[in-house]
Protein chains: 2
Amino acid sequence: MSLQTLLNSHHDISHIKSSCATCSLRELCLPVGLNEEEIRVLGDIASHKRKISRSGYLYRAGSKFQSLFAIRSGFFKTCILEQDGRQQVTGFHMTGELLGLDAISTEMHTCDAVALEDSEVCEIPFAKLEEISRTIPSLMHHFHKIMSREIVRDHGVMLLLGSMKAEERLATFLLNLSRRFVMRGYSEYNFNLRMTREEIGSYLGLKLETVSRAFSKLQDENIITIDNKHVQINDIVRLKIKMGNSTCIT
Amino acid sequence: MSLQTLLNSHHDISHIKSSCATCSLRELCLPVGLNEEEIRVLGDIASHKRKISRSGYLYRAGSKFQSLFAIRSGFFKTCILEQDGRQQVTGFHMTGELLGLDAISTEMHTCDAVALEDSEVCEIPFAKLEEISRTIPSLMHHFHKIMSREIVRDHGVMLLLGSMKAEERLATFLLNLSRRFVMRGYSEYNFNLRMTREEIGSYLGLKLETVSRAFSKLQDENIITIDNKHVQINDIVRLKIKMGNSTCIT
DNA sequence: AAATAGCTTTGACTCAGATCAATCGAAGCA
DNA sequence: TGCTTCGATTGATCTGAGTCAAAGCTATTT
């Protein structure tokens, strides 16, 4: 595989406390392409904020779909509980991203959304959104675009995982996270992982031991560096990898 | 695993020539929830039909997104060509389904669409659709719903594959196909596979030999029966399986 | 009718990742 | 402070799927 070491220097990262600071609604919406007028309108209907503490549920599978959530700060996972009790992680969601899209075609949430750290979201009641979209149709159009982009991004990655080995899967996962941090204005080289090895494994279709081994291997190969190894779900990863021909990562 | 034999009888399937007959636009749209007025309007802009013969391209990755396509008859695969020349199948699409959604967030097709048998599609120019949606907003709304439903359906399946063994993946795949045939009004027990073992494998993240072995195993276990084994991409599968607690298949 | 090409099946071998198990570090708590 | 719990790491072993190879069937071509 074409993973290449890009940088080898160690930066001082002692100042990094959380992966994400707090996002204003404006910051959430600008990258998405909404104009000032649309943001103003959205601000009116999305004024309600909610705090979710670590391990808390934002919504549960089966509950009625009522709102989308813009993540102002924090980190979430979405997961489904299979009949045998095992849980399957279906995605990770960071500050600045939209949550709740899983329900958009079914009127019902298809998965649980769980906070991986103390988080704050901005609630966007979907009924109001639809109502206002009658006068400003472009609003709904934007949301559908965001939705499809998010789903397609994930979908594309998942499809490619099928043909990858454990190390490549992990690299893909880290690169994906990295890019999403960059989009939100954070360093692409230093960020915190808020999820456990088991959660990563569940998402990537690997066992936690395999994920751990892959981390160790990437570190041995000097591709990543991990501080605070043994901090539970809070280790800091310095990404120093890049796909040689980065066409296969979205 | 909770696969259970449901039926064991052999039906006469000699009359089954193709997996699908030809669909009218009305048939395409009704299950989707469009009303008469909307179908009439859609009919006006979607009058142009195109025939694609086996192995022909409906569109290619990188080409400009201009139209959605409703499949009137036939069977397609979508696939992406990786930089190393291998091709990755990203989906299969049957009569009555909508094709071209891969491009909806990018203005550009992200994959190739190839006919697996002689097929006919109905072209829906997206610009016209958007134009008309200004007067009938519900139309676009419907399309977004269809879109998200299709994407989510696939996405859900793919996510679950990660934790499955080869046999389970194949069973999931066959059940998925089966349900889609049912939705189009065909038997859920008898249908044709238009794709090769290699294409199935690519889609499921397996090698063709593994797919073949999984087919044999399912047959040994009396879960499926295959006629015309050696017909190239045309073998007839009699599905006799059902998940015990079918919550994990979407 | 024979030859060719495409796809499938099956067997033997190998290896990546799952499984089982033990240990360790960090955080929280009595 | 010591105890408990949770997560991470590492080793040993097992197994399912990939790989390589040979042979089979069907359809197509000559």
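**Two protein chains and DNA strand D**

Student: How does chain A superpose on chain B?
Tutor: In this predicted model, a rotation of 179 degrees with 0.2 Å of shift along its axis superposes chain A on chain B, with an RMSD of 0.1 Å, where the fit is by least squares on the C-alpha atoms of residues with pLDDT of at least 70 in both copies. That is the relation of a two-fold axis.

Student: And which residue of chain A comes closest to the rotation axis?
Tutor: That is His155(A), whose C-alpha lies 2.9 Å from the axis. The same surface serves both copies, since 100% of the contact residues of chain A recur in chain B, contact meaning heavy atoms within 4.5 Å.

Student: Before we go on, what do the numbering and the pLDDT limits look like?
Tutor: Residues are numbered from 1 along each chain as its sequence is written, while chains are lettered from A and ligands numbered from 1 in the order in which they are written. Local features need pLDDT of at least 70, side-chain atom pairs count only at pLDDT 80 or more, and totals for chains, interfaces and linings use all residues, with side-chain values resting on heavy atoms and leaving out hydrogens and water.

Student: OK, DNA now: how many residues surround strand D?
Tutor: There are 18 residues around DNA strand D, and the closest are Arg197(A), Ser216(A), Ala166(B), Lys207(B) and Thr210(B); a residue is near the strand if one of its heavy atoms lies within 4 Å of it. Sugar and phosphate account for 71% of the atoms of DNA strand D that come within 4 Å of the protein.

Student: Which side chains have an N or O atom 2.9 Å from an oxygen of strand D?
Tutor: Among them are Arg197(A), with an N or O atom 2.9 Å from a phosphate oxygen, and Arg213(B), with one 2.9 Å from a base oxygen. For Ser216(A), a side-chain N or O atom is 2.8 Å from a phosphate oxygen of DNA strand D.

Student: Which helix gives the most to that surface?
Tutor: Helix 7 of chain A does, with five residues, and helix 7 (208-220) of chain A and helix 7 (208-220) of chain B each supply at least two residues. Helices here are DSSP runs of H or I with at least four residues, numbered from the N terminus.

Student: Changing topic, which residues of helix 2 of chain B touch helix 3 of chain B?
Tutor: Helix 2 of chain B makes the contact through Val41(B), Leu42(B) and Ile45(B), and helix 3 of chain B through Lys128(B), Leu129(B) and Ile132(B).

Terms used: Polar contact = N/O pair within 3.5 Å; in protein donor to acceptor, adjacent residues only side chain to side chain.
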